[in-house]
Amino acid sequence: MKHFSGLLAGLLFGAGLAASGMTNTSKVIGFLDIFGAWDADLLMVMASAVITTFIGFAIILKRKKPLFDSQFFLPTAQHIDRNLIVGAILFGVGWGLYGYCPGPAIASLVYLSPVTFIFVFCMLIGMGVGNFMPKLLKNNFLKT
């Protein structure tokens, strides 16, 4: 049931992205074009998500445990480090260049656009490299 509820939540999230226009890269690029033809739709989507999350967490975290797991898994990191900053910069550059972040990119695969498949493939490679690099650095493989 845990996997089914995750699939259902993902499908609902993807449908919400499509319904709000966030699978349209020109909407995102329009939002980032603050000195040109600025499009505030993404701001409304983000505000709705923040409000929904705030209310949802307030209600759900009153429970002792989630419905389909033995405990809640909440982030514990409370500091800003180099990995967070570099990751945020890379995320922002990728988002600004093409107009997709991971959620909308994956949801957009249903449109069967070859460019989106290439983007998602490259995104997955980047995620893999991002996970692999710290291990290489830790083992002094790349240090001279």
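**Salt bridges and a helix pair**

Hi everyone, let me start with one residue: Asp41 has a relative accessibility of 32%, which puts Asp41 in the partly exposed class. Please keep in mind throughout that we are looking at a predicted model.

I'll come back to Asp41 shortly, but first the overall picture. The protein chain has 6 helices and 0 strands, so reading along the sequence we simply get α-α-α-α-α-α. Its C-alpha atoms fill a box of roughly 50 × 45 × 30 Å along the principal axes. There are 144 residues in the chain, and 16% of them count as buried. The accessible surface comes to about 11,200 Å², with 73% of that area belonging to carbon and sulfur atoms. As for contacts with a separation of 6 or more, 40% come from residues that sit 24 or more positions apart.

Now to the charges. Side chains of opposite charge can pair when their charged atoms come close. How many salt bridges does a search of the whole structure find? The search gives 3.

Let's take Asp41 again. The side chain of Asp41 forms a salt bridge with that of Lys27, at 2.3 Å from N to O. Asp41 belongs to helix α3 and Lys27 to helix α2, so this pair ties together parts that are 14 residues apart in sequence.

Lys27 has another partner, too. A salt bridge also joins the side chains of Lys27 and Asp39, with an N to O distance of 3.3 Å. Here Lys27 sits in α2, residues 25-32, while Asp39 is in the loop between α2 and α3, and the two are 12 residues apart.

Are these two residues buried or partly exposed? Lys27 is partly exposed, at a relative accessible area of 22%. Asp39 has 17% relative accessibility, and because the cut-off for buried is under 20%, Asp39 counts as buried. Put the two bridges together, and the shared partner joins Lys27, Asp39 and Asp41 into one network.

What about the helices themselves? α2 and α3 pack at an angle of about 95 degrees, and their axes are 8 Å apart. That angle makes α2 roughly perpendicular to α3. Which residues meet there? From α2 we have Lys27, Val28 and Phe31, and from α3 we have Asp41, Leu42, Leu43 and Met46. By class, this contact has 5 nonpolar residues, 2 charged and no polar ones. If you have the structure open, Lys27 and Asp41 are worth finding here, as both appear in this contact and also pair in a salt bridge.

One more bridge to go, elsewhere in the chain. Lys2 forms a salt bridge with Asp69, where the closest N and O atoms are 3.5 Å apart. This pair links distant parts of the chain: Lys2 lies in helix α1, residues 2-19, and Asp69 in the loop between α3 and α4, 67 residues apart. Lys2 counts as partly exposed, with 42% relative accessibility, and Asp69 is partly exposed as well, at 25%.

So, to wrap up: please remember the network of Lys27, Asp39 and Asp41, and the Lys2 and Asp69 pair. Thanks, everyone, and I'm happy to chat about any of this!

Conventions: Residues numbered from 1 in each chain as written. Predicted model: local features only at pLDDT ≥ 70, side-chain atom pairs only at ≥ 80, totals over all residues. Heavy atoms only, no water. Salt bridge = Lys/Arg side-chain N within 4 Å of Asp/Glu carboxyl O. Helix = DSSP H or I, 4+ residues; strand = E, 2+ residues; numbered from the N terminus. Buried < 20%, exposed > 50% of the residue type's maximum accessible area, 1.4 Å probe, protein only. Axes fitted to C-alpha atoms, helices over the stretch in contact; angles between N-to-C directions. Parallel < 35°, antiparallel > 145°, perpendicular 65-115°, else oblique. Contact = heavy atoms within 4.5 Å. Nonpolar A, V, L, I, M, F, W, Y, C, P; charged D, E, K, R; others polar. Areas by Shrake-Rupley, 256 points an atom, 1.4 Å probe, with all protein chains shown as cover.
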